[in-house]
Amino acid sequence: MRRLLEARARDLGFCGLRVTRPDRLPDLPGRLSAWLAEGAHGTMDWMSERADQRARPTGLWPGLRSIVVVAMNYRPENDPLALVALKDRGAVAAYAQRRDYHEVLKGKLKELGGYLSAKGDVRVKVFCDTAPVMEKTLAEAAGLGWQGKHTVLISRAHGNWLLLGAIYTSAEFEPDVSGRDHCGSCRACLDICPTDAFPAPYRLDARRCISYLTIEYAGPIPVGFRPAIGNRVFGCDDCLAVCPWNKFARTSAETRLAARVELDAPPLADLAALDDAAFRSLFAGTPVKRTGRDRFLRNVMIAVGNSGARDLADPAIARLADDSSLVRGMAVWACGQLLEPEVVRALHRRYGPGEADPHVRAEWRAAAGLTEPWADETSAA
Ligand code: B12
Ligand code: SF4
Ligand code: SF4
């Protein structure tokens, strides 16, 4: 049965399949509760809400006997580190330049699970990122690879450009040997992180991670992180791209995960002009669409502010009257980065007095160098 399942997984485009058991995760409850206690999950409340089920898979499903974990390769053709050097372009993380992996993997996991349950009196539940399931830890326990110092799962054969999925099943499978750490003395991922998001090797403080800030975090991104975000408009690949184990990885053969040409280094000027309909059309079917236009434009405005390109000031000025306060606030910041103080004060005289949102008003105060209370600001300028 195991061999047949592996063959079926290969046919479906998975590059690895391994099995573990729920009792093979002794360190997980302690490590997860320590991470949550530090508040490292930030505003991702869904991480703490069902923490017990996350830490103990049988808490999610008492009938669980074995966990089948699969991986799919999405190695990008272009180097993500070259992309972050293109200041007038937006850098979209490699996984998001293509069709949403949740959709692609879920479909394939259902097929694989269906194949398993058709072979006998076996029940299955399939997961890809949408349930309280710790896929990296399960993958390491199953022997698909190890969690590197950047916390992402790496395989010696495929590097770290892997997406993961899990099948919980009532079938009794012999578990595989868990993955062994091959990071050695390397610390390239820790050193390259633009926001210093690793308090220690193997531990990530999500609150500092650009992936969290640009995708999960809903509010105005704290000013201290904005310069380090550079041109990353959705997610971040730096710690993955620098990992030496990627040299053995091959470009993904899965056509449904093929990258879209128009999402490889799109001009920031074009992204800054997106209204809701154009945003939905450009990112249809990709993970970017789920964050929504306003949060994405917030990120684009930060990238515009970091571009150093004076000709991108006009697209930022055009967003000073955006319907979204999130976008307006970051447009003010971008103008403050690109334009001379007297020009910003002139813009403030035009756009500032009508501004009701306290966060945008604070951005104006900082960008225009105003110290007086808001009521005095127009005269102070
Ligand atoms: C929440 C989440 C995030 C958060 C937090 C990331 C994180 N590292 O936890 C944010 C938004 C930051 C994020 C970012 C990214 N994500 Co994400 N994310 C998830 C999600 C939904 C849950 C992960 C989780 O449980 N985190 C909680 C912490 C506690 O888990 P942990 O890092 O494994 O913690 C372990 C270590 O800290 C370790 N540990 C603690 N102390 C010590 C001490 C020692 C000595 C050792 C050895 C270990 C150790 O034990 C902990 C428990 O096992 C999973 C999907 C899923 N359901 O699993 C995808 C997932 C992890 N993400 C994924 C991806 C692709 C990304 C990005 C690459 C996207 C991008 N390009 O922007 C980045 C990578 C950033 C990074 N370096 O992690 C993939 C990773 C695939 C892989 N090869 O591992 C996943 C698995 C989705 C999927 N189905 O494929 N993500
Ligand atoms: S994804 Fe980027 S910001 Fe997040 S930990 Fe890795 S290098 Fe740091
Ligand atoms: S870059 Fe080095 S330390 Fe980081 S995960 Fe890869 S091998 Fe491990």
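## Contacts, core and domains of a predicted model

Apart from its neighbours within four places in sequence, Val 300 is in contact with Gly 90, Val 233, Leu 268, Leu 271 and Ala 272, where contact requires that the C-beta atoms of the two residues, placed from the backbone, lie within 7 Å. The model is predicted, and local features need pLDDT of at least 70 while side-chain atom pairs count only at pLDDT 80 or more, although totals for chains, interfaces and linings use all residues. Residues are numbered from 1 along each chain as its sequence is written, with chains lettered from A and ligands numbered from 1 in the order in which they are written.

Val 300 is also among the residues with the most contacts inside the largest nonpolar core, which has 102 residues, and Val 69, Ala 71, Met 301, Ala 316 and Cys 335 are listed with it. A nonpolar core is a set of buried Ala, Val, Leu, Ile, Met, Phe, Trp, Tyr and Cys residues joined through C-beta atoms within 7 Å; a residue is buried if 20 or more other C-beta atoms lie within 10 Å of its own, exposed if 12 or fewer, and partly exposed in between. Helix H17 (residues 325–338) gives this core its largest share, nine residues, helices being DSSP runs of H or I with at least four residues and strands runs of E with at least two, numbered from the N terminus. Because domain 1 (1–266) and domain 2 (267–369) both contribute residues, the core lies between them; the domain bounds come from an automatic or database domain assignment.

The centres of the two domains, taken over C-alpha atoms, are separated by 32 Å, and 23 residues of domain 1 are in contact with 26 residues of domain 2. On the side of domain 1 that touches domain 2, H10, helix H11 (226–229) and strand S8 (232–234) are the elements that give two or more residues, and H11 gives the most, with three residues.

The table sets out residue classes, in which Ala, Val, Leu, Ile, Met, Phe, Trp, Tyr, Cys and Pro count as nonpolar, Asp, Glu, Lys and Arg as charged, and the others, Gly among them, as polar.

| Residue set | Nonpolar | Polar | Charged |
|---|---|---|---|
| Shell around ligand 1 | 24 residues | seven residues | seven residues |
| Shell around ligand 3 | nine residues | two residues | two residues |
| Side of domain 1 that touches domain 2 | twelve residues | four residues | seven residues |

Of the 13 residues that surround ligand 3, the closest are Gly 148, Cys 183, Cys 186, Cys 189 and Cys 243, a residue being near a molecule if its C-beta atom lies within 6 Å of it.
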